[in-house]
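Open the model in your viewer and keep the sequence panel in sight. Each stop below tells you what to select and what to look for.

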Amino acid sequence: MFGDFFLILIGIILGAAGGYALHRYVNSRRIADSQGLADRIVQEARKEAEAMKKEIRLQAQDEVYALKKEQENEFKEMERGLKKQEERLQEKEERLESKLEKVTAKESDVLALEKRLIKQEKSLEELEEDLEKRKDEHERRLQEVSGLTAEEAREKLMTEIESKTRHEAAKMIRAIEMEAKEEGARKARKILALAIQRYAGDYVNEQTVTAVQLPSEDMKGRIIGREGRNIRALESATGVDLIIDDTPETVVLSAYSPLRREVAKQALERLIHDGRIHPARIEDIVRKVEQEMDVKLREIGEQATFDVGVHGIHPEIVKLIGQLHYRTSFSQNVLQHSLEVAFLCGVMAAELGIDEKMAKRAGLLHDIGKAVDHEIEGPHAIIGADLAKKHGESKDIIHAIMAHHEDVPPKSILATLVQAADSLSGARPGARKELLENYVKRLEELENLATSFDGVSKAYAIQAGREIRVMVDSEKVTDDNTHMLCKDIATKIENNMTYPGQIRVTVIRERRSVGYAK
């Protein structure tokens, strides 16, 4: 049994020794295999490193070649640029050389010309000396023949030439002045005649009263009202006098303002048609009519500007133009007068070749001051100019308005045209109502007043009494005295006469020289 155990123990020991030997063998084999693998990895790494080294070297060579190629191209481009610059410099050098040759040639020509001029100058000096000697000899002989010195002969000759020249110049100036005056008068008459011929407007004299027809005689009592309260309310609201007399079925409205009469007429007609006539109703109707009249005035003004063909006028001015429809001057409707002046200005402006629209605008607005002259003190021309300036009209238009009655002297063709057209419109037969006897009497009185002054030989009232021309005796009245005489006549006219608008006083002193040619 012990032997078996011993055998088992020996078997275990041998088994352990064999296992250990086998384990060492396996480990040695593994180590050998690992060492071989490591050697292969190292070899492969070396091979890859060599390949990468070769590749990097090739890339570096390519980059070096590319850089070298780029630098060669840059050098070639620079070489071409330098070559072109060299060629340009060569061309400039050649041009400069050519110019230098030309300048040298011109310099030679100038030197030659200078030499010729020096020779000619010497010849001229010699010729002048010869002429001076001959002149002295000629003057000496003339003095011997005439008995006058050279200075005396020169003065005598200059005096004769001056006298003759002055005479000829005076004749020429007189001829030119006469021709200019005749031509100017002829052209002015032609333009005025053409303007009048191209316009043929009708005139309707405006009165200061308006009649309103009543449906029955009983309506007069209703208009008067209890104790006259209705008529007082109507007169107070409209500013118009109501005349109720024995005229059957008629009420007369009296006022200097056609605008007020129109408002009163429309209000009274509406009250008659409505039948309700009492103070409260009267005030309500008058207020409505006044509001409607404001709209109507603007429409009338717009229609007037459209008819004339002017635009861009301020709305307030347009309304004032509409008010002119209800204003009169010597029974002449002011709006119709303004339209006619605008048309005449346009015709004359077209003939003279100036701005036709500007002339029409000035003509239409020239009497705009009459729309408010009953509210503002002063001449209507100055009032109108202030209104035009306030509402943005041009300086030329303002001056034309201000000067159309010579409140200021006209300084432009436009102002003169407006003045002429205004005179044409007002002086046409039938335009303004005035009895012939009163008209003739006023002109005679005007002339007699002027001739009453000492030194006045003749006096003529012209332009329908708007101007008086006074001829004075040149022996009795000097040039300085004419100004005082003109002022004295104007003062006496203002103090002793009643007349519309203004009268221009012109004093003329004429001195005549008469000679005879034999």
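Helices here are DSSP runs of H or I, at least four residues long, numbered from the N terminus. By that count, helix α1 covers residues 2-146, and Ile10 lies in it. One caution before moving on: this is a predicted model.

**The whole chain**

Show everything as a cartoon. The chain has 14 helices and eight strands. Now colour by burial. Of the 518 residues, 29% are buried. Switch to a surface view. About 36400 Å² is exposed, and carbon and sulfur atoms supply 54% of that area. Then turn to contacts. Among those between residues at least 6 apart in sequence, 60% join residues at least 24 apart.

**A patch on the surface**

Select Leu7, Ile10 and Leu14. Together they form a nonpolar patch on the surface, with about 290 Å² of accessible area. Pick out Ile10. Its relative accessible area is 30%, so Ile10 is partly exposed.

**The cores**

Go inside next. In soluble globular proteins, nonpolar side chains tend to be buried together. The largest nonpolar core of this model has 67 residues. Which members touch the most others? Select Ile223, Leu253, Leu268, Ile313, Ile317, Ile321 and Leu364 to see them.

Centre on Ile321. Leaving aside residues up to four places away in sequence, Ile321 touches Gly301, Ala304, Thr305, Ile313, Leu335, Leu364, Leu365 and Ile368. Apart from this core lies another, of 19 residues. Leu446, Ala450, Ile468 and Ile493 are among its members.

**Helix α10**

Select residues 380-390, which make up helix α10. Which of its residues are buried? They are His380, Ala381, Ile383, Gly384, Ala385, Leu387 and Ala388. Now add α7 (315-323) and α11 (395-403), which are included in what covers those buried residues. Step just past α10 to Gly392. Its phi is positive, about 85 degrees.

**Salt bridges**

Turn to charged side chains. The structure holds 13 salt bridges. Some of them form a network that links Asp274, Arg276, Arg281, Asp284, Arg287 and Lys288.

Zoom in on Asp284. One of its partners is Arg281, with the closest N and O atoms 3.6 Å apart. Both residues lie in helix α6 (residues 279-308), three residues apart, about one turn of the helix. Is Arg281 buried or exposed? Arg281 counts as buried because its relative accessibility is 16%, below the 20% cut-off.

Now look from Asp284 to Lys288. Their side chains meet in a salt bridge of 3.7 Å, N to O. Asp284 and Lys288 are four residues apart in helix α6, so about one helical turn separates them. An α-helix has 3.6 residues a turn, so residues three or four places apart point the same way. Lys288 has 39% relative accessibility and so counts as partly exposed.

Move to helix α9 (residues 356-365), where Lys360 and Glu356 sit four residues apart, about one turn of the helix. They form a salt bridge, and the closest N and O atoms are 3.9 Å apart. Glu356 counts as partly exposed because its relative accessibility is 35%.

**The cysteines**

How many disulfides does the structure hold? Zero. Select Cys345 to finish. Cys345 is at 0% relative accessibility, so it counts as buried. Then select Cys486. With a relative accessible area of 23%, Cys486 is partly exposed.

Notes: Residues are numbered from 1 along each chain as its sequence is written. This is a predicted model: local features need pLDDT of at least 70, side-chain atom pairs count only at pLDDT 80 or more; totals for chains, interfaces and linings use all residues. Side-chain values use heavy atoms; hydrogens and water are left out. A nonpolar core is a set of buried Ala, Val, Leu, Ile, Met, Phe, Trp, Tyr and Cys residues joined through side-chain atoms within 4.5 Å. Buried means under 20% relative accessible area, exposed over 50%, partly exposed in between (1.4 Å probe, protein chains only). Contact means heavy atoms within 4.5 Å. A salt bridge is a side-chain nitrogen of Lys or Arg within 4 Å of a carboxyl oxygen of Asp or Glu. Helices (H or I, at least four residues) and strands (E, at least two) are DSSP runs, numbered from the N terminus. Patches are made of residues with over 30% relative accessible area and no salt bridge: like charges are joined within 9 Å, nonpolar side chains (Val, Leu, Ile, Met, Phe, Trp, Tyr) within 5 Å. Accessible areas come from the Shrake-Rupley method with a 1.4 Å probe; for residues, only the protein chains shown count as cover. A disulfide is a pair of cysteine sulfur atoms within 2.5 Å.
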